[in-house]
Each structure stands twice: as structure tokens, then as C-alpha cells.
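Grab a coffee and work through these short exercises with the model open beside you. Try each task before you read its solution.

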Amino acid sequence: MCIASTAFRQACENSPYRTARSYSAPVAGSIPASKQKYVPTSGTYPKAFLATGLHVGIKPSNTQFLDLALLASEIPCSSAAVFTQNKFQAAPVTVSREVIERRSGEGIRAIVINSGCANAVTGKGGLQDASEMGRAVDACFNGPKDQNSDPGSTLVMSTGVIGQRLPISKILSAIPSAYSSLSSSHQDWLLAARAICTTDTFPKLRSRTFTLPSSPGITYSLAGMTKGAGMIHPNMATLLAMLFTDAPIPATTLKPLLAHAVDRSFNAISVDGDTSTNDTLAILANGAAGGQPITSLDSADGQALTEIVTGFTQQLSQLVVRDGEGATKFIRVRVVNAASFPDAKNIASTIARSPLVKTALYGKDANWGRILCAVGYTEGLSPGAVVPEKTSVSFVPRDGSEPLKLLVRGEPEAVDEKRAGKILEEEDLEILVDLGGGESGGGREEANYWFCDFSHEYVTINGDYRT
């Protein structure tokens, strides 16, 4: 975990763009007032799942902030996960993938996460460190095991600076204390969410209850936490996320369920266009609430669960965008009437990654030409996906008033700059791109992407990250 350097603090204090941010998990009273509304004061958590967070001091400069989280189930879980597509995959990514593969997604008991050090590009020693973290947690459940014959039952995640080894002895010494501190209370879930933060300004935790058609009398719970504020452009970025439910879902169902949800949530957000070495999103289901196992997403239960988990992951992932490093705006780009979902998503992603679009929005400049330019250079589209004479662009205010039309079927509108400026003063904004059905005219697919603007502070933060 990083503590802000003197140089960084002075730069922020002297900057006219200053907002509250520090390189650490937030402590009591330090969460910016504008972000307090995103931190839950209570929660409903899945049965038989426990959580905690504690201070280890993974970074030598960290003398007080939480930096080790442990989340565990009292009974074995089914699991699934998606991982970064960056070629330089961190040691915990490799280790966690192997644990899930060797167990075929069944029998997982816990997730252990450290912040302050990514354990990425650390060679064989880093792999050994990640493995030892998992085995130390396993030993708390079952006693020491033969690492050559036992596949392990703990997933490992790390986040922080790349290229540095973990202070593994500190972590291993702290894991038994973390295990003994596990609790089902909201406070302990919040401690875990705080412990995984790096440049985040607030812990990102959500929970909800739900029912399924086959078991209307059973109340299930779903909880999730995530971290991330920079190096965010997942392609499952540094981004970690964990989901937990007490619904009975085998690994064979969890895998396609997670893939569908992630493609429409965590793989549809961007802060800066960079994909991390450590991205990991895992889901654990222990079935503790009972009911019939959900063996197919085509069933009534499966369809309901898909909608519930997708909506939940969208809400959770959007918290990352709202906490984007230096961000002042939360933008949804919606591409409609596309020939295919991949076309719509590719265009939305290209707009979200454009530095020119992001800086224009930060400057409250209704420069729709930059949006159109991004649409035009989007790669990998199907033939006839974009027809300039059919393309329209609008700003959609969040207050429900009429959209501000900027381009209509390839023809520029006379933009009311005063109204445009008022719309861009707001924190939340929607950009609507209508492709008019593409060349065939019959396209009706749409996709959403969520992103933030680029500010002066983003440069300040990332120019001083390692200190």
C-alpha cells in the first residue's frame, strides 16, 4: 500500500484541480464527502461466508493502513474466475488459475488478497510466494498439506506496484491472525473491502438478496467487492473483484454465468485504457441457503440468476469508474441500432478509450467531432457496420430532459452551446450513438460502456505512483 509522498501532497495542495485522494485504503473520516454515498452502512451477506481485513505493513512506508484481506466459506464452494489477458500475468493469477483448473472449480474455501505489492513480473520466487500464501490459508482450515499432491483450496490475489517481491514472511505470519478474526459482520466485510484498496478513495462493497422461481420461499444473498481506480481497461485492469453467494450453483454453471456478466460489466468499463497484469474476478457459491442446484442457464432459475448477477456486476464495476484516478465525470456511452453486439461494444469501447474525448469532457467542451472520429477509426467492425449518412450522436442529460442532438443522420446540428455547457457541468452524462441499423438498416443490437474523464490530477497521481 502506497502512502502519498511529500512531493505529491504539495502538488495537490497547490493545484487548482485538487480533490481528496491518497495512496492508501481510506481510514475513518478520510473518504471524500462526494464519495461517502457509495459506501454502504449495512449489508446482507451470504450464509457461511466470513471476511476480515488487517494491517501487515506490506509496503515499508505503510504503518497503519489495512493491506491484507481474507474471505472464506465455512463449507467448500464451487467457483469460477476470469483473469487478465495481459501477456505478463502476475504470479497470483497463475497460481489461482491452476488451483481452479486442478479442482475443476469445486472445493474452493477462501480468497486471500494483499495490496501494496502486485507480485507481478517477479519470476519463480513470486510464484512461490503466491503459492505459500494460499497454502498458509489452507493450513488454517485443514492443517499442512503436501503441496505436490494437494491442489490447494485458496485463491490468491495481489495488487500494487509491479516488479517487487512480497514481504512474504510478514504475510505468512499474519494469515493465522486473519483467520481467527473472520466474521460475518458488515464491519468485517467492510474491513476486507478497505484492505484491498490502493489509490481508491473509498471501499467498493455491495450486497443484495434475491429469490429464484423454483424456490420462492428461500432468500439468497449475493455480495461483492472490488478495487481499482487506475490501470483500468479490463479484458478479463489494477482491478480485482470477488463475488460470493449462498445459492447452489455448480462450477459448470458458474463459468458461463460469470462470462456473460463480465462481458457486460467489468469488461465494459475504462478509466485509462491500460489492462493490468493482475486483473482477476472470481465468484464463489457455497449453496448454504439450500434449494435445487442451478445446472443450466437456460432454465427459469438460470435466466433469473443471469439477470441478477449481470445487474449486480454492472453496479459493482461502475463504482470503479466513479473512483477513477482524478475523475470528475462518470460517462455512459450507449451505442444503439448496430448490426451486432460486438460491433456496438467495439465502438463504445473505442470512444471510452479516446484521450481526446476524455479530455474534452473534462474541459466541458461539447466537441462531438472527437466522438465521431473515434467511431470512424474503430477496428474489427463487420462490413457496413458504420454508415456516416446514418449515424447520429447526442448528449443525454441525466435529469430526463430532451437529448441534445449533435449530429443527425450524418448532418451536424446547430448546437446550443449554453445548454451543452450546462449538461457538461453535471457529474453524470450519457453519450448516445445511433448507427441507424448499419448498411442493411436492420441492425437493432446495442451495447453500453462506462468510463470517466482525464483530468490534470490523473497525470499528477500516475507521475508519482511508486513513491
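**Exercise 1.** Keep in mind that this is a predicted model. Which residues sit on one side of β7 and which on the other, and are they buried or exposed?

*Solution.* Start with one face: Leu240, Met242 and Phe244 line up there. Now flip to the other side, where you'll find Ala241, Leu243 and Thr245. Residues on both faces are buried, and that makes six of six for the strand, which spans residues 240-245. The back-and-forth fits a general pattern: in a regular strand, side chains alternate between the two faces of the sheet.

**Exercise 2.** Find the strands that pair with β7, and say in which sense they run.

*Solution.* First take β6 (residues 215-227): β6 and β7 are antiparallel, with six bridges. Here methionine 225 faces methionine 242 of β7. Next take β9 (residues 280-285), which pairs with β7 in parallel, again over six bridges. On that side, methionine 242 has alanine 282 as its bridge partner.

**Exercise 3.** Work out how Met242 and Phe395 fit into the largest nonpolar core.

*Solution.* The core holds 130 residues, and Met242 and Phe395 are among the four that touch the most other members, along with Trp189 and Ile431. Strand β2 (residues 68-83) supplies the largest share, nine residues. Now zoom in on phenylalanine 395: beyond its close sequence neighbours, its contacts include Ile371, Leu406, Ile423, Leu429 and Ile431. As a rule, nonpolar side chains in soluble globular proteins tend to be buried together.

Methods. Residues are numbered from 1 along each chain as its sequence is written. This is a predicted model: local features need pLDDT of at least 70, side-chain atom pairs count only at pLDDT 80 or more; totals for chains, interfaces and linings use all residues. Side-chain values use heavy atoms; hydrogens and water are left out. A nonpolar core is a set of buried Ala, Val, Leu, Ile, Met, Phe, Trp, Tyr and Cys residues joined through side-chain atoms within 4.5 Å. Buried means under 20% relative accessible area, exposed over 50%, partly exposed in between (1.4 Å probe, protein chains only). Helices (H or I, at least four residues) and strands (E, at least two) are DSSP runs, numbered from the N terminus. Contact means heavy atoms within 4.5 Å. Two strands pair if DSSP finds at least two bridges between them. Lists of a residue's contacts leave out its neighbours within four places in sequence.
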